[in-house]
Amino acid sequence: MKIELDRPRCEGHGLCEEAAPQLMHLDDDGELVIDVPDVDGAELDAAKAAVRICPVAALRLAAA
Amino acid sequence: MTAPIQSDIDIWADDILVDPYPTYAELREQAAAVHLPKNDLYVLTRYDAIRDALGDPESFSSASIGFNPMVNGALQGTSLASDPPVHTQLRAVLSQNLTPRALRGLKVVIDEKADKLVAELADSGSFEAIDSLARAFPIEIVADLIGFQGHVKDNMLRWGQAAMQVLGPLNQRTQESFPIAGELYGWCSSVTAEDLAPGSIGRGIFDAEARGEIPEGSAGHIIHQYLGAGVDTTIASIGNIVALFGRHAEQFDLVRANPELVPAAFAEVLRYWAPVHIWGRKATRDVEIDGVTIPAGAQVGILFGAGNRDPRHYENPDTFDVTRNPVDHLSFGYGPHGCAGQGLAKLEAHAVIEALARRVQTLTIGDEVREPSNITRSIEKLQVEKVVAV
Ligand code: HEM
Ligand code: SF4
């Protein structure tokens, strides 16, 4: 699966990074960077947790 | 079509507003969506139903976030009351100044102010926590942020309370608050850049309007929404922090011993006592939720506090536990309208909790005094009878 970010909607709350630091991080400007967009296995679980926790629903998982 | 599950309670009855949790539990056990004929309303009671509805603006429109036609009419054209795609644009303008990245520079000042205020209170031996902390602190922070000076600052509490109160049904509380909410609206419609302190975010919003970056006339509306949505709610949450730490000394001790628990402690305060009792949506089509059909056009009421205590989602939901870290609580809403000010609310509340943990050893509190109010559930008076400073 592929992690997709709705960039205009993302406000940099950073909760996704807390859920999946191995997959994404906020850069120095507070912009979210998806380091690992294509995920499966254990990474898919972490990605699902990140998608779930985003308070403004800016992340989703799509078929790769 | 399935038969609606009903309850003959009045969700705005005084005793329910003051202590809604027994009613939330009853309704939640009845169904995920319960029809309240007395209020001409369907309330959502369970965690999943609430989150799904908040994430589905196509089925649950924000056209009626309030519970009377006058207020919904007045809110037309605001971010709060609009649906995608219009909402997406309005929200971008509104949240620009509130994102964690925009607020980054404020953290140091907010932390310092909280520390100074809490240190004074801790040294005073006893204090009334609502006026001197829960109200004083967010009013000062938001006033500085927007750049309010003079009489406007003195009106922030009344205006902020009234802006929430008028979202209720047309009961006496709503009627009495309309003129006060009108004062706020009137002021926001006539405010100019010069009324706001140079260098403030409020002034910056006007500058953006002058440069044509945001639509003409929108600056006043943005400030209106910051005041309407951001004052009364934050006040409630800070009062709740003091009351819950006072009631649960062992939980406060945990935070004192482990300051890294501060964000988790605030999330748990928000989960345990939701600052917003009920918030509206309109069903745009027949929606079936766990076997109950909400008919197209029906007014819906979201009970954030009921979802936050749903045992289907949280273990021992009625226990206040600062180690739980319920980051997915519903008190800030969720999805497209999820609270635009949550970064600021967290900055303020984390600063207060950190200061309490640093400056206070023990708190002995009296009973909290509450007054019924339509939308915000907050404490009116809370005497800290004895505070022992570190
Ligand atoms: C603990 C404090 C707070 C709580 C519990 C809270 C709660 C909420 C909730 C439940 C919503 C969702 C409304 C909906 O779904 O229709 C919301 C939206 C909003 N909040 Fe907050 N809020 C808080 C603090 C703040 C602050 C400090 C500000 C700004 C200064 C703010 C500004 C807003 C705005 C502008 C919206 C509308 C966003 C939109 O329509 O897209 N809030 N808030
Ligand atoms: S949690 Fe959502 S809004 Fe926050 S940084 Fe991640 S994607 Fe962006």
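This passage describes the cavities, the largest pocket, the ligand surroundings, a small sheet and some backbone features of a predicted model.

In this predicted model, local features need pLDDT of at least 70 and side-chain atom pairs count only at pLDDT 80 or more, while totals for chains, interfaces and linings use all residues; side-chain values use heavy atoms, with hydrogens and water left out. Residues are numbered from 1 along each chain as its sequence is written, and chains are lettered from A and ligands numbered from 1 in the order in which they are written.

Empty space was searched on a 1 Å grid over the protein atoms alone: a cavity is a set of points where a 1.4 Å probe fits but cannot get out, a pocket is an open set with protein on both sides within 12 Å along at least five of seven lines, and lining residues have an atom within 4 Å of a point. Grid points are joined across faces, edges and corners, and a volume is the space filled by probe spheres set on the points. Four cavities of 30 Å³ or more were found in the whole structure. The largest cavity holds about 730 Å³. Its lining comprises 39 residues, and those nearest its centre are Leu80(B), Ala229(B), Cys339(B), Ala340(B) and Gly341(B). Helix H12 (218-230) of chain B contributes the most to this lining, with four residues; helices (H or I, at least four residues) and strands (E, at least two) are DSSP runs, numbered from the N terminus. By class, the lining of the largest cavity has 23 nonpolar, 13 polar and three charged residues, where Ala, Val, Leu, Ile, Met, Phe, Trp, Tyr, Cys and Pro count as nonpolar, Asp, Glu, Lys and Arg as charged, and the others, Gly among them, as polar.

Cys339(B) is also the single protein donor to the iron atom of ligand 1, through SG at 2.3 Å. Donors are N, O and S atoms within 2.8 Å of the metal (3.2 Å for Na, K and Ca); water is not among the atoms, so sites may look incomplete. Cys339(B) belongs to the loop between helix H16 (304-308) and H17 of chain B.

The second largest cavity, of about 90 Å³, is the space taken by ligand 2; a molecule sits in a cavity or pocket if more than half of its atoms lie within 2 Å of its grid points. Ligand 2 is surrounded by 13 residues, the closest being Cys10(A), His13(A), Gly14(A), Cys16(A) and Cys54(A), with a heavy atom within 4 Å as the criterion for a near residue. This shell consists of nine nonpolar, three polar and one charged residues.

The largest pocket contains about 890 Å³ of space. Among its 39 lining residues, His13(A), Leu15(A), Glu18(A), Lys346(B) and His350(B) are closest to the centre. H17(B) supplies seven residues, the most of any element. The lining of this pocket has 18 nonpolar, 10 polar and 11 charged residues.

An open three-stranded sheet in chain B has the order E4-E12-E9 with antiparallel pairing, two strands being paired if DSSP finds at least two bridges between them. Strands E4 and E9 form the edges. E4 (residues 127-128) joins E12 (residues 383-389) over two bridges, and E9 (residues 360-365) joins E12 over five. Val384(B) in E12(B) stands opposite Phe127(B) and also opposite Ile365(B).

Most residues other than glycine have a negative phi, and most peptide bonds are trans. The bond from Pro84(B) to Pro85(B) is cis, with omega near 5°. Asp40(B) has a positive phi, near 50°.
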